[in-house]
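Biologist: I should be grateful for a close look at one strand of this model and at its surroundings in the sheet. Please treat the matter in one connected account.

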Amino acid sequence: MNIIVPIKVLADDQDIVVAADRSLDDSKAHRIVSTYDLNAIEAAVQLASAHADSKVVCVSVADAKADDSKLKKNVLARGVDELVMIADDACADLDAHATAAMLARLVDGLDAADLIVCGDDMYAGQVDVQLADALDLPVVTAVSAVSVEGAVATCDRMLETQLQTVQVDLPAVISVVPDIALPRIPGMKDILAAGKKP
């Protein structure tokens, strides 16, 4: 099974300062992966480990500061097999639609995806559905548990008062809620191995 995880690279909020004009200055901020996407990575890696010959590939579209070896090793040390990234300042202020379009181009250039697992960022929540639209794939949002059997994914969604179970034919896009999986903390062996991954 080929699982793709789009990840959002953003400024570490600990490094953002308030400028004299009261604007936020992230020019010296290190780049990190969104916390929501760390949960999505872990869910994808756990799913891949349950299916032989599975592969997890992360894709990202971000500004040039994302081209950072520490950030890339951090992603690859979490059980991810490959990282494909566009790191260009032209991508610094893309809206959800433009981000989804760029991610779709990256996904199209990879081996055919069986499942695309997005983090549910709880804000606009648009990249996942717009990515699915750009790829002409079905989408299931707010997934709290997922399993795959054959060419069908079974997804649990927590609604306001009840749990809903949805089955979707693969390939498909799902967005997962933060509590789907607790992100692992990479060990030294994982970090060293990450340096050799593509």
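Modeller: Strand β10, residues 152-158, runs antiparallel to β11 and is joined to that strand by seven bridges. Two strands count as paired if DSSP finds at least two bridges between them; strands are DSSP runs (E, at least two residues) and helices likewise (H or I, at least four), numbered from the N terminus. The model is predicted, so that local features need pLDDT of at least 70 and side-chain atom pairs count only at pLDDT 80 or more, whereas totals for chains, interfaces and linings use all residues. Residues are numbered from 1 along each chain as its sequence is written, and side-chain values use heavy atoms, with hydrogens and water left out.

Within the pairing with β11, C155 has V166 as its bridge partner, and V152 is matched with D169. These two strands form a hairpin, with four residues between them.

Strand β10 also pairs with β9 (residues 139-149), again in the antiparallel sense, over six bridges. There R157 of β10 stands opposite V143. The hairpin of β9 and β10 has two residues between the strands, and G150 takes a positive phi near 65° in it.

The side chains of β10 deserve separate attention. In a regular strand, side chains alternate between the two faces of the sheet. In β10, A153, C155 and R157 point to one face and are buried, while V152, T154, D156 and M158 point to the other and are not. Buried here means under 20% relative accessible area, exposed means over 50%, and partly exposed lies in between (1.4 Å probe, protein chains only).

The wider setting is an open sheet of eight strands with mixed pairing, in the order β7-β6-β1-β8-β12-β9-β10-β11. Its edge strands are β7 (82-87) and β11 (163-169), each of which pairs on one side only. On average, neighbouring strands of this sheet are turned by 30° against each other, direction ignored. Such angles run from 0 to 180 degrees between N-to-C directions, along axes fitted to C-alpha atoms, for helices over the stretch in contact.

Helix α3 (residues 96-108) packs on this sheet and touches β1 (2-6), β6 (55-62), β7 and β8 (115-119); the direction of the helix makes about 145° with that of β6. Contact means heavy atoms within 4.5 Å. M102 lies in helix α3 and, neighbours within four places in sequence set aside, is in contact with V61, I86, C91 and L94.
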